[in-house]
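Work through the following exercises with the sequence and the coordinates side by side. Each task is followed by a solution that proceeds step by step.

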Amino acid sequence: MDKRPVTSPSFRNSHFVDIHEVLPEEEEEEEEGIAREAEKADNSFSRNTKINRQMKRSDGSFSRQLSLETGFSVLRSESKAKDWRKVNLPRSGRSFGGFDSVTRVGMEGRRGDFSIFKTKSSNLSKQNSLLPTRKERDVESQRTNDGYGGVDESANESVPAGRYFAALRGPELDQVKDYEDILLPKDEKWPFLLRFPIGCFGICLGLSSQVVLWHALATSPATKFLNISPFINLALWLLAVSVLFCVSFTYIFKCIFYFEAVKREFFHPVRVNFFFAPWVVCMFLVLGVPPALAPGKLHPAICIFMAPYFLLELKIYGQWLSGGKRRLCKVANPSSHLSVVGNFVGAILAAKVGWDEAAKFLWAVGFAHYLVVFVTLYQRLPTSEALPKELHPVYSMFIAAPSAASIAWETIYGGFDGLSRTCYFIALFLYVSLVVRINFFTGFRFSVAWWSYTFPMTTFSVATIKYAEQVPSVPSKGLAVILSLLSSAMVSVLFVSTLLHAFVWQTLFPNDLAIAITKTRLGKEKKPFKRAYDIKRWTKQALTKNNLVTKDTDEAKEED
């Protein structure tokens, strides 16, 4: 709400506070109060009051300020209000520093009010003194509907899925479009927990998949000639567990202190899939546990890691199936494979502990939803806006599900048979189709989410090792070794890059703009320019239609 102090000489030293706009249902009460105040005022002000009351009755909306020293209202003309409403909102985000944070008379708007994303119970006393009353929020909402601008939302309200596609861009939906504004300032450094995304579990995902890979290299008969030491698997397992604990505890603190920001990430069409990552990581660590720590058979109790994954997928798959704003054709993106691949990993884990029927059930659920996700993304539906035209590391997610499916089928039925090889060959084709276009994977900004795109390569390497066990030959064993070294090299490069961005350049965790978008668009979207060939095509179509109409008219005349 844009408020300006009155520049009248008699009130230059006065202090002003805002009084909320009069609601339509309170017009009669406010008119009586204004009339009583106007009688106590001077003649000059009473005449201005009557004029503005007439303008209020005609337009139904006006803004006013109350002087604390004199006690009577100074009304503004509607023409000035219209001029003030034309002020554009800056993209710095300072105009949305929090609830009712616009610039007020006599004080600055609160800069960087990050408390709007804090957990409600942690700052309840502070919010009670700063939050507007219910009537003021209703007035602010009505002002937005009437065209006054301003924010018509609170940060703890859920943002529709379509809003993320409309306000953000990029394959990860992490960049704000030029014509959009955000709730927090862009030129200030946000608190660390607000800048810590759920995508950090991708680091754990990449390391834990390497644990499984080096466990397979050390124990598989197909790679026995390499003489891989089991201590590599042990070192990687300890590193992955330590990183998992650090990331998990940090994100738990974010859930405690900034739960509203966590909710924003859960409603994000891409990041919601990373909530599956912690449980996939735990299952990877169990499958790749060093023989020195678990020499015997795995206990069935470890399947508890599949329980939260299964509950979460019930909610997500239910949204895909029931339709609505979060149906699959609306929110599908390559990261959706994260919500599918865990079923195959869980099937492998269940088969390892002897639960064959549970493993078959999980494999069937995962394969059915993988086919749906694959077809939805492969068709490039108009509603699938998250799939970019240019290649990106996110495309490696296509390899994860068929690779894990082939390993799971081999573990359940004890052989790399026809269906297992079919899934493997699908993954092989997708892998080759990405490798031949490797030059298109350059020029992208580094992100911690890239770690999540390493585990599909690692999973395919493990599947190749399983294939080499069933088809022992020089090409199969050579392919297994090459793919294993390639995936390990990628993880090593990412590990070094992460350390450099974290400790040297200190750019690993920039401001997370994706969680600070507004619920409704405040500015008008810039329409793209019409290209020349589009204009020619439309002109040609228009001329064709006119020719058809003319021909029909001539035929009708001839018949008459």
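**Exercise 1.** In this predicted model, determine whether Leu 173 is buried or exposed, and describe its surroundings.

*Solution.* Start with the accessible area: Leu 173 has a relative value of 2%, and since buried means under 20%, this residue is buried. Next, place Leu 173 in the chain, where it belongs to the loop between strand E4 (168-169) and strand E5 (175-176). Then list its contacts, setting aside residues up to four places away in sequence: Leu 173 touches Tyr 164, Phe 165, Leu 168, His 268, Pro 269, Val 270 and Ala 514. A distance along the chain can be set beside one in space, for Leu 173 and Leu 513 are 340 residues apart along the chain, while their C-alpha atoms are separated by 9.9 Å. Finally, inspect the backbone, where Leu 173 shows a positive phi of about 50° although it is not a glycine.

**Exercise 2.** Find where Gln 506 is located, and state what its phi angle is and how its accessibility is classed.

*Solution.* Gln 506 sits in the loop between helix H18 (474-504) and helix H19 (532-559). Its phi is near 55°, which is a positive value in a residue other than glycine. For the accessibility, compare the relative accessible area of Gln 506, 60%, with the limit of over 50% for exposed residues; Gln 506 is therefore exposed.

**Exercise 3.** Classify the packing of helix H7 against helix H17 from their axes, and identify the residues that make the contact.

*Solution.* Take the geometry first: H7 (residues 201-219) and H17 (residues 455-470) pack at an angle of about 15°, and their axes are 9 Å apart. Because angles under 35 degrees count as roughly parallel, H7 is roughly parallel to H17. The handedness of this crossing of H7 and H17 is left-handed. On the H7 side, the contact is made by Leu 205, Ser 209, Gln 210, Val 212, Leu 213, Ala 216 and Leu 217, and on the H17 side by Phe 455, Thr 458, Ser 461, Val 462 and Ile 465. Sorted by class, the contact of H7 with H17 comprises eight nonpolar and four polar residues, with no charged residues.

**Exercise 4.** Repeat the analysis for helix H11 and helix H13, starting from the crossing angle of their axes.

*Solution.* The axes of H11 (residues 306-322) and H13 (residues 338-352) cross at roughly 140° and come within 10 Å. H11 and H13 are therefore oblique to each other, and their crossing is left-handed. The residues in contact are Met 306, Tyr 309, Glu 313, Tyr 317 and Trp 320 from H11, together with Leu 338, Ser 339, Val 340, Val 341, Gly 342, Asn 343 and Gly 346 from H13. For the contact of H11 with H13, the division by class is seven nonpolar, four polar and one charged.

**Exercise 5.** Describe the geometry of the aromatic pair Trp 409 and Tyr 413, and then that of Phe 425 and Tyr 467.

*Solution.* A search of the whole structure finds 31 aromatic pairs. In the pair of Trp 409 and Tyr 413, the ring centres are 4.2 Å apart and the planes stand at 35°, so the pair is tilted. Both Trp 409 and Tyr 413 lie in helix H15 (residues 397-413), four residues apart, which is about one turn of the helix. Their accessibilities can be stated in turn: Trp 409 is buried at a relative accessible area of 16%, whereas Tyr 413 is partly exposed at 41%.

The pair of Phe 425 and Tyr 467 is edge-to-face, with 5.9 Å centre to centre and 70° between the planes. Phe 425 belongs to helix H16 (residues 418-435) and Tyr 467 to helix H17, so the pair ties together parts that are 42 residues apart in sequence. Here Phe 425 is partly exposed, with a relative accessible area of 38%, and Tyr 467 is buried, with 16%.

As a last step, consider the cluster: Trp 409 and Tyr 413 belong to one aromatic cluster whose other members include Phe 344, Trp 363, Phe 367 and Tyr 370.

Key
Residues are numbered from 1 along each chain as its sequence is written. This is a predicted model: local features need pLDDT of at least 70, side-chain atom pairs count only at pLDDT 80 or more; totals for chains, interfaces and linings use all residues. Side-chain values use heavy atoms; hydrogens and water are left out. Axes are lines fitted to C-alpha atoms, for helices over the stretch in contact, and angles run from 0 to 180 degrees between N-to-C directions. Helices (H or I, at least four residues) and strands (E, at least two) are DSSP runs, numbered from the N terminus. Angles under 35 degrees count as roughly parallel, over 145 as roughly antiparallel, 65 to 115 as roughly perpendicular and the rest as oblique. A crossing is left-handed if the near helix is turned anticlockwise from the far one by less than a right angle, and right-handed if clockwise. Contact means heavy atoms within 4.5 Å. Ala, Val, Leu, Ile, Met, Phe, Trp, Tyr, Cys and Pro count as nonpolar, Asp, Glu, Lys and Arg as charged, and the others, Gly among them, as polar. Rings of Phe, Tyr and Trp (its six-membered ring) pair if their centres lie within 6.5 Å; planes under 30 degrees apart count as stacked, over 60 as edge-to-face and the rest as tilted. Buried means under 20% relative accessible area, exposed over 50%, partly exposed in between (1.4 Å probe, protein chains only).
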